[in-house]
Amino acid sequence: MQACIKGDKNSQKALYKSFYGYAMSICMRYSMNREEAAEVMNDGFMKVFTKLTKYDTSRSFKGWLRKIMINTALDNYRHNLKHYYQQDIETSPDVSASGNVLADMAYEDIVGLVQKLSPAYRTAFNLYVMDGYTHEEIAEMLSISVGTSKSNLSKARENLRSLLKKNKDEYARYSR
């Protein structure tokens, strides 16, 4: 850690490699695609290296890194919000999935489905379900109301159910 603080490139590279997969998995959940996730992750690591002196060694480094990656992803979301598309009401699915499709899916498949959600729905879903924030915390982080946070989460779940059902139907059709 001390070598990274002093700017030793080999130590920074080793730290980056050690936590690349973990950081990328966090960033993928908040990004539209792998390229955007890589940009967010690299921005996050720049923050890690510039703020390493503020890291409290009595706490988990992984937890500190996680928080930086989430906050960097949220910064990216807020910055790009005007560029993200808003999901059209006519294309918004309202079908419920039955059965447990999740058991048959790989982690990458699930992350891929989450990435298909609109940015607002994806962000609310990830913050609440994956990262354990409350609606009050989400509202404060995103400068939205608690009701909007709850609504976005509800709509995200509805859309995921529909996507899961669609995947299940396609799987059944091609596995005959």
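Is Tyr 22 exposed, partly exposed or buried? In this predicted model, Tyr 22 counts as partly exposed, at 25% relative accessibility, and the first of the close-up views below is centred on that residue.

**View 1. Tyr 22 of helix α2 and its contacts with Lys 62, Leu 65 and Arg 66.** The residue at the centre, Tyr 22, is placed in helix α2, and its relative accessibility of 25% puts it in the partly exposed class. When neighbours within four places in sequence are left aside, Tyr 22 is in contact with Lys 62, Leu 65 and Arg 66. For one of these partners, Lys 62, the C-alpha to C-alpha distance from Tyr 22 is 8.7 Å, although the two residues are 40 residues apart in sequence.

**View 2. The salt bridge between Arg 29 and Asp 131.** Side chains of opposite charge can pair when their charged atoms come close. Here the side chains of Arg 29 and Asp 131 form a salt bridge with an N to O distance of 2.6 Å; Asp 131 lies in the loop between α6 (119-130) and α7 (135-142) and Arg 29 in helix α2, so the pair ties together parts that are 102 residues apart in sequence. Helix α2 itself covers residues 9-30, and the side chains of Arg 29 and Asp 131 are also joined by a polar contact of 2.6 Å. Because buried means under 20% relative accessible area, Arg 29 at 9% counts as buried, and Asp 131 at 10% counts as buried as well. The pairing belongs to a network of salt bridges in which Arg 29, Arg 66 and Asp 131 are linked, and the count of salt bridges comes to four.

**View 3. Asp 75 and its salt bridges with Lys 47 and Arg 78.** In the salt bridge that Lys 47 forms with Asp 75, the closest N and O atoms are 3.0 Å apart; since Lys 47 lies in helix α3 (residues 34-51) and Asp 75 in helix α4 (residues 61-80), this pair ties together parts that are 28 residues apart in sequence. Arg 78 also forms a salt bridge with Asp 75, and there the closest N and O atoms are 2.9 Å apart. Arg 78 and Asp 75 are three residues apart in helix α4, so about one helical turn separates them. As for accessibility, Lys 47 counts as partly exposed at 27%, Asp 75 is partly exposed with a relative accessible area of 36%, and Arg 78 is partly exposed with a relative accessible area of 37%.

**View 4. The packing of helices α3 and α4.** Two packed helices are described by the angle between their axes and the distance between the axes. For α3 and α4 the angle is about 125° and the axes are 9 Å apart, which means that α3 is oblique to α4. The crossing in which α3 passes α4 is right-handed. Residues of α3 that make the contact include Val 40, Met 41, Gly 44, Phe 45, Lys 47 and Val 48, while those contributed by α4 include Phe 61, Trp 64, Leu 65, Ile 68, Met 69, Thr 72 and Asp 75. Lys 47 and Asp 75, both among these contacting residues, are the pair whose salt bridge appears in View 3.

**View 5. The crossing of helices α6 and α7.** The axes of α6 and α7 come within 10 Å and cross at roughly 135°, so α6 is oblique to α7. The crossing of α6 past α7 is right-handed. On the α6 side, Thr 123, Ala 124, Leu 127 and Tyr 128 take part in the contact, and they meet His 135, Ile 138, Met 141 and Leu 142 of α7. The loop between these two helices holds Asp 131, the partner of Arg 29 in View 2.

**View 6. Ser 143 and its positive phi.** Most residues other than glycine have a negative phi. Ser 143, by contrast, has a phi near 55°, a positive value in a residue other than glycine. Ser 143 is placed in the loop between α7 and α8 (146-174), and its relative accessible area of 66% makes it exposed.

Methods: Residues are numbered from 1 along each chain as its sequence is written. This is a predicted model: local features need pLDDT of at least 70, side-chain atom pairs count only at pLDDT 80 or more; totals for chains, interfaces and linings use all residues. Side-chain values use heavy atoms; hydrogens and water are left out. Helices (H or I, at least four residues) and strands (E, at least two) are DSSP runs, numbered from the N terminus. Buried means under 20% relative accessible area, exposed over 50%, partly exposed in between (1.4 Å probe, protein chains only). A polar contact is a pair of N or O atoms within 3.5 Å; within protein, one must be able to donate a hydrogen and the other to accept it, and residues adjacent in sequence count only if both atoms are side-chain atoms. Axes are lines fitted to C-alpha atoms, for helices over the stretch in contact, and angles run from 0 to 180 degrees between N-to-C directions. Angles under 35 degrees count as roughly parallel, over 145 as roughly antiparallel, 65 to 115 as roughly perpendicular and the rest as oblique. A crossing is left-handed if the near helix is turned anticlockwise from the far one by less than a right angle, and right-handed if clockwise. Contact means heavy atoms within 4.5 Å.
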